[in-house]
Amino acid sequence: MSQTMNDFNGKVAIVTGSSSGLGEAIVCMLSKCGCRVTIHGRSEENVNRVAEKCRTLSPKKFTPNKCIGDLRNDQVVETIIKTTIEMFGQIDFLINNAGGHYLANLSDSNEIRNSYDYIFGLNVRSTVYLTSLAVPYLEKSNGVIIIISSIGSFSSFNNEKTIIYEMSKAALDHMAHGMALSYGRRGIRINTINPGPFKTAIYRNYSDQDEYEKELKSYEQLSPLGRYGDPEELANLVAFLISPNASYITGTNVVIDGGSSIPRFI
Ligand SMILES: NC(=O)c1ccc[n+]([C@@H]2O[C@H](COP(=O)([O-])OP(=O)(O)OC[C@H]3O[C@@H](n4cnc5c(N)ncnc54)[C@H](OP(=O)(O)O)[C@@H]3O)[C@@H](O)[C@H]2O)c1
């Protein structure tokens, strides 16, 4: 049976890193579909901007919960759960979207440790901790978890500086496999979404300006569709995967990359 936009009416969704980029598109989509949402990011200005957007999009004009701070800080993670429960009393969907880079050459023995600590602290540790705190509420609601991974988890960017990032995303893919096995009978589904290139602020500090322009062009050409993904296309996939239409989908890594990761000879 197909679901309508209003099927999420009153459900509660947490979307980390929803102050820009893919997370912003996801939280806007879920608000449009009737969810009550927790918006999170480091930039207070952007969190406020997105919160106003979500309130306007929400059919019942729900006011979002707002949470600001660096997810590498455990207190920020705890505050996301605490304020969501205080404001809404339940959690139905946890969208672990926040993530980032810290570029370093593997041969640079000092910087590589900083890169490892930053990337694994943000992409993996905070996801594990937030998920762990959310599980008791998700068990009550038969909830759904989505983790935004990357095609880099299984397909190398062929760049020494992104190896740690790719490793972190591979860890998240496997977290979804293990959690799906352990939590399926407790009513929780979990999947990753593995995006290819979407033009967001994540590429801002990717490299120096010249290299950045070149890389943006080459990523665009990776897809046989000849373009970047539109964040709304990814938000549509989130809405599908958390809906009852995807009730038999768990423990899988869903690629959305316009064909960018198709193995090719030349
Ligand atoms: N764009 C792509 O092509 C692509 C491809 C594959 C995977 N991904 C993944 O998609 C997810 C979203 O990325 P995006 O492309 O939308 O990038 P983005 O526009 O840079 O958004 C990243 C979000 O995460 C938040 N964030 C970053 N570092 C944080 C930290 N230390 N603590 C708390 N929040 C932090 C940012 O908050 P503030 O801006 O407020 O600081 C922002 O809301 C990431 O997990 C990324 O790895 C993206």
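What share of the contacts in the protein with a separation of 6 or more is accounted for by residues 24 or more positions apart? The share is 72%, and it is worth keeping in mind while you move through this predicted model.

**The whole chain**

Begin with everything selected and the backbone drawn as a cartoon, in which you should be able to find 7 helices and 7 strands. If you follow them along the sequence, they come in the pattern β-α-β-α-β-α-β-α-β-α-β-α-α-β. Taken along the principal axes, the C-alpha atoms fill a box of roughly 50 × 40 × 40 Å. The radius of gyration is 18 Å, which agrees with the value near 18 Å that a compact globule of 266 residues would have. Of those 266 residues, buried ones make up 42%.

**Strand β6 and its partners**

Now select residues 189-195, which form strand β6, and ask how many of its 7 residues are buried. The count is 7 of the 7, so the strand is largely enclosed by the rest of the structure. In a regular strand the side chains alternate between the two faces of the sheet. Show the side chains here, and you will find Arg189, Asn191, Ile193 and Pro195 on one side of β6, with Ile190, Thr192 and Asn194 on the other, and both faces covered.

Add residues 144-148, which are strand β5, and you will see that β5 and β6 pair in the parallel sense over 5 bridges. To look at one place in this pairing, label isoleucine 146, which stands opposite asparagine 191 in β6. Between the two strands the chain passes through helix α5 (residues 163-183), and this β-α-β crossover from β5 to β6 is right-handed.

Next, select residues 253-256, strand β7, which pairs with β6 in the parallel sense over 4 bridges. Here the residue to label is valine 255 in β7, the bridge partner of asparagine 194.

**Helix α7**

Keep these strands on display and add residues 231-242, which form helix α7, a helix of 12 residues that reaches 17 Å from its first C-alpha to its last, close to the 16 Å expected at 1.5 Å a residue. Its buried residues are Pro231, Leu234, Ala235, Leu237, Val238, Ala239, Leu241 and Ile242. What do the buried residues of α7 pack against? They pack against α1 (21-32) and the strands β4 (93-96), β5, β6 and β7.

**Helix α3**

Move on to residues 74-88, helix α3, whose 15 residues reach 21 Å from the first C-alpha to the last, close to the 21 Å expected at 1.5 Å a residue. Colour Val77, Ile80, Ile81, Thr84 and Phe88, which are the buried residues to look for in this helix. They cover an arc of only 85° around the axis, which puts them on the same side of α3. An α-helix has 3.6 residues a turn, so residues three or four places apart point the same way. Turn the helix over, and the face away from its buried side shows the exposed residues Gln75 and Glu86. What covers the buried residues includes β1 (12-15), β2 (36-41), β3 (65-68) and α4 (109-141). Just after α3 comes glycine 89, whose phi is positive, near 80°.

**The end of helix α2**

Select helix α2 (residues 44-57) and zoom in on leucine 57, which lies in it. Leucine 57 is partly exposed, with 16 other C-beta atoms within 10 Å. Leaving aside neighbours within four places in sequence, leucine 57 is in contact with Cys28, Ser31 and Lys32. You can also draw a distance from the C-alpha of leucine 57 to that of leucine 30, which lies 27 residues away along the chain, and the separation is 9.3 Å.

**Two loop residues**

Finish with two residues in loops, of which lysine 61 is found between α2 and β3. Lysine 61 has a positive phi of about 55° although it is not a glycine. Is lysine 61 buried or exposed? It is exposed, with 10 other C-beta atoms within 10 Å.

Asparagine 158 sits in the loop between β5 and α5, and its phi is near 55°, a positive value in a residue other than glycine. Asparagine 158 is exposed, with 6 other C-beta atoms within 10 Å.

Conventions
Residues numbered from 1 in each chain as written. Predicted model: local features only at pLDDT ≥ 70, side-chain atom pairs only at ≥ 80, totals over all residues. Expected span 1.5 Å × (residues − 1). Buried ≥ 20, exposed ≤ 12 C-beta atoms within 10 Å, placed from the backbone. Arc of directions from axis to C-beta. Contact = placed C-beta atoms within 7 Å. Pairing = 2+ DSSP bridges. Right-handed = clockwise from strand over helix to strand, strands pointing away. Rg over C-alpha atoms; globule rule 2.2 N^0.38 Å.
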